Amino acid sequence: MPDILAIRKPELARGGLSGFDFDDKIAKFIPMSVCLKSDFLVLGSGIAGLLAAHKLSSLGQVNLVTKKEAVDSNTNYAQGGIAAVMGELDSFESHVRDTLKSGAGLCHEEVARSAVQEGPERIRELMALGVQFSQKETRLDLGLEGGHSQRRILHAGDFTGKEIEKILIQHCRANPRIAIFENAVAVDLITQQRPEKCLPRLNRCWGAYVLDNRAGAVLTFLAKTVILATGGAGKVYLYTSNPDIATGDGIAMAFRAGAHIANMEFFQFHPTCLYYPPAAGAKRESAEFPGKTFLLSEALRGEGGVLRLKDGARFMEKYSAEKDLAPRDIVARAIDKELKRTGDDCVFLDMTGLSAEFLRQRFPNLHQKCLSIGIAMESDWIPVVPAAHFCCGGVSVGRHGETELDGLYAIGEASHTGLHGANRLASNSLLEGCVYAQRVFNHIKSNWPSLQTQTIPSFPAWASGKAIPSDEEVVLSQNWDEIRRLMWNYVGIVRSNRRLERAKARMEILDKEIQQYYWDFFLSRDLIELRNIATIAQLIIRCASLRPESRGLHYNIDAPAANDLYKRDTLVNRYGEVLLTPLTKP
């Protein structure tokens with residue numbers, strides 16, 4: 001059986017191509033039994049995945065799998081920037097203090113402190129790779145965002161993530177030891193033993209089954225080490241700032257493989273996303289409005305923007321002494337409460353106190369986006385609503401990004417490191433991705449002499465069994481929409497015991513339908529993602545139900561105060577085991 005890489009170009013089998021797309025011309029030639037082996041398998045192409053692939057290529061061959069094009073990731077949508085102590089008036093202690101305060105008592109202090117201290121080195125590394133952060137004269141132009149007491153946000157205009165992604169992709173595509181597989185979605189992790197029969201500490205991960213979206217073939221990717229960098233899960237909610245790919249795939253796969261999942265009740269809702277009814281709640285991006293619920297960076301409020309009701313009244317002073325610069329959870333809940341009180345569809349972000357020249361220079365992307373729908377930031381108020389933005393929970397990892405499943409690491413938004421606690425401080429996520437990509441590399445490098453000699457076992461090719469082509473796609477659309485609407489209404493910014501109970505009961509019914517559909521029909525990207533958001537929804541509900549208090553991003557009207565008895569991480573796994581753990585990492 002020929003190697004899939006040799007089908008298109010002979011040198012591919014030797015790792016000579018650093019960008020590979022399963023195009024329609026070769027789709028019919030792809031056999032289901034194809035097995036692609038490498039030293040490292042990276043799933044995801046955000047800042048964490050690309051940096052990890054770039055670093056690991058110095059040790060061996062890397063296969064990088066991404067769902068759409070390599071530029072599709074939450075990193076690419078990050079407008080604000082990356083937080084690091086680079087200013088003369090700033091300090092590590094100040095950044096740590098701001099992080100801990102935002103995290104509402106659940107940050108792992110040693111994790112926060114070490115990540116903050118590594119920040120400047122990681123920034124210098126990005127700059128050495130070619131990332132060009134905005135400057136003011138000869139110095140870095142450091143921005144201010146909500147929750148930060150100092151200007152420490154490095155940015156590239158208002159499309160920082162796009163700038164970082166562009167540079168990292170250039171390096172990875174040019175690297176002969178990195179093969180990038182686009183338009184391919186991971187189905188499940190491959191483990192030594194079946195997870196239902198073996199606890200994770202006795203098991204090992206060796207790869208993943210991956211669906212080629214265009215050919216419809218499920219391929220086997222095997223590696224000595226697997227790195228989950230699959231990003232977030234915002235698509236589990238009806239309104240989200242996340243791209244279509246953010247369906248929590250890595251978290252769901254790790255859960256099915258037996259790994260512990262932590263703190264899924266803490267889902268951050270960005271307080272200021274553009275309210276644009278024609279695009280809100282869309283399942284997929286459209287040519288008319290590719291951004292859907294378009295995120296308006298917190299840096300806008302950092303530069304002087306204020307929130308108003310439609311009658312012009314400011315309201316944030318009622319909720320926080322920090323007013324419009326309060327942490328995201330406070331601002332999101334304040335907006336949610338005002339909308340429910342007034343019955344209005346949105347509130348407004350007022351930037352009219354700033355000049356058109358400044359807004360065009362500092363926020364060129366946002367300024368242009370607003371103009372495209374008839375809003376001039378310098379003269380018009382911008383209609384905004386909260387939307388699901390960042391998952392503070394994820395696959396539980398140690399200080400090196402390692403999971404309890406040997407051979408499996410998780411980094412970026414798919415992981416739970418302990419940095420963010422109950423609420424992520426603005427722009428700490430890109431910092432976390434950089435720091436943990438380095439830590440994964442360091443850990444693997446230190447074990448590489450023994451790891452390098454390991455032989456990858458053989459595993460059976462994907463078997464479709466008695467599955468048949470689907471003739472009822474409407475079932476997928478109905479379940480997809482119902483889950484996202486249910487999560488928005490019952491498990492959103494404000495929760496209650498009754499809402500959580502109703503969500504749990506309905507999700508149990510939906511999950512049975514989805515699992516039956518999953519085994520009856522051939523795989524598609526929609527079906528894989530539906531299965532995953534169903535798993536993510538149940539994890540969020542389960543974790544939220546285990547926390548009878550309000551803390552950070554988790555607000556339950558039946559328990560509106562924090563309770564020190566629950567100043568713990570919430571960990572769950574597929575075996576029914578529930579742990580409330582102290583705030584430490586092994």
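How many bridges join β11 to strand β18, and in which sense do the two run? Let us start there, keeping in mind that this is a predicted model.

**Figure 1. Strand β11 and its partners.** 3 bridges join β11 to strand β18 (residues 408-410), and the two run parallel. At this junction, Leu228 faces Ala410 of β18. Strand β11 itself spans residues 218-228, and 11 of its 11 residues are buried, so the rest of the structure largely encloses the strand. Strand β2 also pairs with β11 in the parallel sense, over 8 bridges, and here Ser38 stands opposite Ala223 of β11. The pairing of β10 with β11 is antiparallel, with 5 bridges; look for Ala208 across from Phe221 of β11. These two strands form a hairpin with 5 residues between them, where Gly216 has a positive phi near 75°.

**Figure 2. Aromatic pairs that bridge distant parts of the sequence.** The model holds 11 aromatic pairs. In one of them, Phe40 and Trp448, the ring centres are 5.1 Å apart and the planes meet at 35°, so this pair is tilted. Phe40 belongs to strand β2 (residues 35-43) and Trp448 to helix α12 (residues 428-451), so the pair ties together parts that lie 408 residues apart in sequence. Phe40 is buried, with a relative accessibility of 0%, and Trp448 is buried too, at 7%. Moving on to Tyr209 and Trp462, we find ring centres 5.3 Å apart and planes at 65°, so this pair is edge-to-face. Tyr209 sits in strand β10 (residues 205-212), while Trp462 is in the loop between α12 and α13 (473-490), so parts 253 residues apart in sequence are tied together here. Tyr209 and Trp462 are both buried.

**Figure 3. An aromatic cluster, and charges over rings.** Which residues make up the cluster linked by ring pairs? They are Tyr237, Tyr239, Phe267, Phe269 and Trp488. Rings in this model also meet charged side chains, as two further sites show. The charged end of Lys369 lies over the ring of Phe294, at 5.2 Å from the ring centre. For Arg424, the charged end is over the ring of Phe390, 4.3 Å from its centre.

**Figure 4. The nonpolar cores.** Nonpolar side chains tend to be buried together in soluble globular proteins. The largest nonpolar core of this model has 83 residues, and those with the most contacts inside it are Leu43, Leu189, Val236, Ile483 and Met487. Helix α15 provides the largest share of this core, 12 residues. Take Val236 as a starting point for exploring: beyond its neighbours within four places in sequence, Val236 contacts Phe267, Ile483, Arg484, Met487, Ile533, Ile536, Ala537 and Ile540. There is also a second, separate core of 47 residues, which includes Val42, Leu64, Trp448 and Leu451.

**Figure 5. Asn532 in helix α15.** Is Asn532 buried or exposed? With a relative accessibility of 0%, Asn532 counts as buried. The residue is part of helix α15 (residues 525-545). Setting aside residues up to four places away in sequence, Asn532 touches Thr247, Asp249, Ala252 and Arg256.

**Figure 6. Asp350 and its polar contacts.** Asp350 is found in strand β15 (residues 347-350). At 8% relative accessibility, Asp350 counts as buried. Its side chain makes a polar contact of 2.8 Å with the side chain of Arg308, and another polar contact, of 3.5 Å, joins the side chains of Asp350 and Trp381. Apart from neighbours within four places in sequence, the residues in contact with Asp350 are Gly304, Gly305, Val306, Arg308 and Trp381.

**Figure 7. Helix α4 and its surroundings.** Helix α4 covers residues 92-102, and its buried residues are Ser94, His95, Val96, Asp98, Thr99 and Ser102. What do these buried residues pack against? Their packing partners are β4 (82-83), α5 (109-129) and α12. After α4 comes Ala104, which has a positive phi near 55°.

Note on methods. Residues are numbered from 1 along each chain as its sequence is written. This is a predicted model: local features need pLDDT of at least 70, side-chain atom pairs count only at pLDDT 80 or more; totals for chains, interfaces and linings use all residues. Side-chain values use heavy atoms; hydrogens and water are left out. Rings of Phe, Tyr and Trp (its six-membered ring) pair if their centres lie within 6.5 Å; planes under 30 degrees apart count as stacked, over 60 as edge-to-face and the rest as tilted. Helices (H or I, at least four residues) and strands (E, at least two) are DSSP runs, numbered from the N terminus. Buried means under 20% relative accessible area, exposed over 50%, partly exposed in between (1.4 Å probe, protein chains only). A charge sits over a ring if NZ of Lys or CZ of Arg is within 6 Å of the ring centre and within 35 degrees of the ring normal. Contact means heavy atoms within 4.5 Å. A nonpolar core is a set of buried Ala, Val, Leu, Ile, Met, Phe, Trp, Tyr and Cys residues joined through side-chain atoms within 4.5 Å. A polar contact is a pair of N or O atoms within 3.5 Å; within protein, one must be able to donate a hydrogen and the other to accept it, and residues adjacent in sequence count only if both atoms are side-chain atoms. Two strands pair if DSSP finds at least two bridges between them.
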